[in-house]
Amino acid sequence: MRLWPYVRPVRLRLGFSAVVAVVASCMSLLIPLVLKWMVDGPVTDHDPGGVWLGGGLVLLLGLLEAGLFGVRRWLVARPLAGVEASMRAALYRHLQRLPVDFHDRWASGQLLSRATMDLQILRMFLAFPLVFLVVNAATVLIGFGILFVQSWLLGLVLLVPVVPLMILCSYFEARYALAARRAQDQAGDLATVIEESVLGIRIVKAFGRHRSQARAFRDQAQGLWHTEMRKARLLSDIWAVIMTLPELAIGAALVVGVLQVSDDKLSAGTLVAFLSTALALRWPVESIGFLLAMSNEAGTAADRYFEVMDTPQADTDGRRTDPRDDGLRMEGVRFRYPDAPAGTPDLLTGVDLHIRTGETMALVGATGCGKTTLTALLPRLHDVTGGRITLDGADIGELPVDRVRELVAVAFEEATLFSATVRENVAMGAGPGGAGEEEVRRALAIAQCDFVQRLPQGLDTQVGEQGLSLSGGQRQRLALARAVVGSPRFLVLDDPLSALDVHTEALVEAALREVLRHTTALVVAHRPSTVLLADRVALMSGGRVTAVGTHAELLRDSAEYRYLMSGDAGRDGDAGGDGGERDPHGASRDDAHDDPRDDLDRDPHGDPHGDPREHPRGGAHDDRRHEAAGLERSEAR
Amino acid sequence: MTSVADQPEQALEPRPPCGTAVADDRAAPVPGTGAAPGAAPDPFDQDVLPAPRNAQIALLRSLLAPHRRRAWTASVLLLVQQAAVQAGPLLVAYAIDNAIPQVRQGQHGALIAVALGYLACGVASGVLQRAFIRVAARVSQDVLIDLRGRIFRHAQSLSLDFHERYTSGRLIARATSDVESIRELLTDGLEELVGVVLSAVYITALLMFLDWKLALATLVSYVPLYWAIRVFQKRSMVAYRKRSTAVAAVIVKFTETMNGIRPVKAFRREEPNDDAFGELNHRHERANGDAILEMARYVVGSRLIANVTIAGIVLWGAYRVAEGGMALGVLAAFVLYLRRLYDPIDRLGMFLNSYQSAAASLEKIAGLLAQAPAVPEPAEPRPLPEPAGGIPGREVAFEGVRFAYRTGGEVLPSFDLRMPAGQTVAVVGATGAGKSTLAKLLARFYDPTSGRVVLDGVELRDLATADLRRGVVMVTQEAFLFSGTVAENIAIGRPDATREEVEAAAKAIGAHDFIAALPDGYDTDVRKRGGRISAGQRQLVAFARALLADPAVLILDEATSSLDVPGERAVQHAMHTVLTGRTAVIIAHRLSTVEIADRVLVMEGGRIVEDGTPGELIAGDGRFAGLHQAWRDSLV
């Protein structure tokens, strides 16, 4: 078992807890024996003194049983919570260091369900099924041993239903687990519909799409209803078996026992002891079915956990090289996403670009030409698949990743704020060490974040998912402040002013120009105003840089650039690349005839297994509740 | 076993004593009735919305009402089933005390009766259990689907104002995790809870019947048990609440890191994150351990009480049997019954927990459902007249419109505004000038505090939703994509559109090229691999949606912010061609967008301070002229 490294520290306690549990179970098996002794001895002999002794023994055993089970729980409670926590911390640590490709492939909900649900299952497995498979097997063996010693005939009568009971239980449990998983998936999908209808409420309202949303919701809800009913039917069958079979066996044992007592082959005390032992054994036998099912599930959980843990971390090592003042250089940079379908061309097909030290280069290109991808290559969020990028002469593929990210600061197109104060969100731009008050204020001033002064707690206002929600423009300005706070050597800005209003944009530009004067920077630009921040402009087209020059030069020489900057010139131009399929005329009307085959009147809920993000929310652990209930019961023994 | 029956009342009790007073105040649907800004604490800051007293009871009743017959059937089934289950030990007692002597005398009647009785009880308990589970599941699942549907529909009908203040996270929590905790109770806990109570009642009665003295002794044990349960409940509530807070913090940190993995990596947050996460994780570990130990303490306590009672009963019972005052079979039955009685006590604590959390959830849900939609559907909708003047656009008029938030704080002082059909109006102004509010009033996301918004002579309040949405469509800055394909996302604009129409809309807006380049073209799932869609591309999809919807009045609320110049041109071109003759309201940062407008409104502090054609305003010396000059300068 690969869990061993995590379990190792608690192995002694775990083993000891199993021993304690076996002993405690034996206590509950001994009580009926004392009872037998009392009935056959002092009670039949009318000896009140012996009764006291027997009663005392029952009391002692009862106290021991309760006490030992308490000891067992106490032994494992904290250590196993510790195991769960250390596995979770290891997962988190590992995930943070996995490449961005991995995170592109894996929805965060999928990762979260591994970090919470699967680890919880594993903890429960260590706490109960692992221990109780042993304990219950031992109890059943000892119990039946006692039964057989007392009366092999009655023992045999009771043994008959045990095997079918266990088989039926594990059969039903397996099917139930399937249905439960399905219900969980459906609850997740339902949650997705709900989440989207809430997050997209403006669109739902703007287009009056209540009805189609409601239909999508109803379909999902009904699917869930059917699965839940199926679960209930399975459960009802299990219970019918569990209720009936042992009752019948005990009834048969009673009849046989009565006959034997009447023939004086058996004492009355034995019969009483027998029946109450049988009762005590009922749970261990029933439980084995779902203990096995739960172990299976824990196996799956462990697989899911290690599936992620086994993904190799990106290579982050490298050596430092002596910098020479060379600026940023890209030579024949090629890139394709690892999950791009085979046969499609590379996204970047050989980018050559040199940004001199202290120079600001604007990057201009049609939507989807790979500008944003290129910006992700610089801090090595993705590694190039061909060619190389050098910072001051050092290949970033050979530098330690930390060093690369120390040199390069980025403001992303989508400004992500973390749940922290404004100050922390800005200061984190300077690296793990943070930034001083002075630097934060300077960065905020550059990004024109004067709105921070008006926030309830100023710099200490909580923002992000759990804090105050800021407007798009405000978030973008904070992200900009974060990028410039550490005075990085290389600065990458992805359309940094898109959400700002005209007035603010002008102010930010002015302040930013100061910063850019002595920083080597790459600025993705969609508009002339942003381009003007740069000394030179690189035009991207077809996955490569097709032209470099000043704004004026490119306006003069490149039809494509003119088109991108003013939207009207040079569709017949020389630069190719973007092409002219943008003409709204020809495209629109003639195609708009009805095609009855193409039924698009569907609701936008998509694939039933589409969004697994919701699983943790959609009822993570509840379907295990009935097992858990059983286990809680088992724990008490 | 009164202890258990008492618990439900307990859990429902904790409610603010001033509940009704607050509720009356907030139930008023009219915005703007609130006091001065920031006066009272906003009830929306809390999870539990003020609701009329007993709202959750009324909710429960209305949910159960349609299933009354099934619920009764289930109760009867459970009653009979428990009776069958509890008959077993009684038969044992009868067998020992009567059948054995009879058999000894050669009579097998009693034995046969015992055998048949046991057979009947065993089969009956199994069959009835099966029937009960099925009927109960039917009721609880029907209730759940009803409840889910109500929350969903209600959330959809509540105004945007509500959504903005209640936040999406909490609303989603109501519809998912709160419903989930009720589901847990209904499907797993409730049956157990009722079963335990019922079996306790039955067993107590049977014990009384068998031997009242021993039964009284058993009753005495209920006192410490009740006490143990109460103590456990109180302590575990604290422990579990701590744990769920701790786990929530862990989840938030985890999700945030994974969703923001790019900035995390780019800013080298891995180490600080490890530390922060380690701290939260450790806190959760402690809380988790505390909760488990709390449970352990309770189980040990209740088991101790049970075992001591059993020992006591055995002692006294055996003593009396020995003295000849009691039959042996009765003692055997007693021991068997006591085991059954105390067995489920440990679980009881757990199910009471799930009961409590379900009660809390129900309260929150009832609070949500008690919110009246601030933008209600008209009772008697009026139809829109046929478009006049041969153009598809419609005339818009704001008549004495004033808007203030419910908590106070006037956003738009009273104003009048008329936009003739087919006019393109640009609204400019700084953040917070009231541009978006104006747009939202026109889209009827809000209703004005006073005055009215009129579309071709019909007040928006009087329009049916379908008519309103055919008339007015708004495209916002956040272009949200629903899961599903790109084509499905565009077709939200008009669900009955054909693929050709969808593609035509995409082409008209210049989105066709990038969509065709996606791995599966129009059938690319936007949430799946290959679905890397940039902010600008999302905005184009949102536009295609609006184009397909083909409204009479189009509102663009900063809807071009992420577009590049060609994209913006395509949008403007589409406004001139496909959307020509529509009335359009454009809110934009960028003055290039404004150039195509017939008319410009400059807003400041909620007032329209300048109004005229772009040419007039540029020629003047007002604010717009200044802005425009700055913009021209930036173009070089």
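This is a short talk about a predicted model with a chain A and a chain B.

Okay, hi everyone. Let's start with how far we can trust what's on the screen. This is a prediction, and each chain comes with a confidence score. Chain A averages a pLDDT of 77, and 86% of its residues score at least 70. There's a stretch to watch out for, though: over residues 569–637 of chain A the pLDDT drops below 50, even though the model gives that stretch 173 contacts beyond near neighbours in sequence. For chain B, the mean pLDDT is 78, with 89% of the residues at 70 or more. Residues 1–41 of chain B stay under 50, and the model has 54 contacts for them beyond four places in sequence. If you're new to this, remember that low pLDDT means you shouldn't read the predicted coordinates in detail.

Next, the transmembrane parts. For chain A, an unreviewed UniProt entry places transmembrane regions at residues 12–31, 51–71, 124–146, 152–172 and 238–260. What does the model do there? Take residues 124–146 of chain A: the span is 96% helix with 0% strand, and its end C-alpha atoms lie 31 Å apart. Residues 152–172 of chain A come out at 90% helix and 0% strand, with 31 Å between the end C-alpha atoms.

Over on chain B, the UniProt record, also unreviewed, puts transmembrane regions at 71–96, 108–128, 193–210, 216–233 and 325–342. Residues 71–96 of chain B are 100% helix, and their end C-alpha atoms are 39 Å apart. For residues 325–342 of chain B, we get 83% helix, 0% strand, and 26 Å from end to end by C-alpha atoms.

Now, how do the two chains meet? The contact takes in 181 residues from chain A and 177 from chain B. Together they bury about 16,700 Å², and 65% of that is on carbon and sulfur atoms. Across this interface there are nine salt bridges. One pair you can look up is Glu271(B) with Arg97(A), where the closest N and O atoms are 3.4 Å apart. Polar contacts link 24 residue pairs between chain A and chain B, counting pairs with both residues at pLDDT 80 or more.

So which element of chain A gives the largest share of the side touching chain B? That's helix H10, residues 210–262 of chain A, with 30 residues. Sort the residues on that side of chain A by type and you get 86 nonpolar, 44 polar and 51 charged.

Last bit: salt bridges over all chains come to 50. A nice one to find is Arg336(A) with Asp346(A), at 3.0 Å between the closest N and O atoms. Both residues sit in the loop between strands E1 (328–335) and E2 (348–355) of chain A, so the pair ties together parts that are ten residues apart in sequence.

That's my tour, thanks!

Note on methods
Residues numbered from 1 in each chain as written. Chains lettered and ligands numbered in written order. Predicted model: local features only at pLDDT ≥ 70, side-chain atom pairs only at ≥ 80, totals over all residues. Heavy atoms only, no water. UniProt positions renumbered as here; feature names shortened; annotations may be inferred. Helix = DSSP H or I, 4+ residues; strand = E, 2+ residues; numbered from the N terminus. Contact = heavy atoms within 4.5 Å. Buried area = accessible area lost by both parts, 1.4 Å probe. Salt bridge = Lys/Arg side-chain N within 4 Å of Asp/Glu carboxyl O. Polar contact = N/O pair within 3.5 Å; in protein donor to acceptor, adjacent residues only side chain to side chain. Nonpolar A, V, L, I, M, F, W, Y, C, P; charged D, E, K, R; others polar. pLDDT = per-residue confidence, 0-100.
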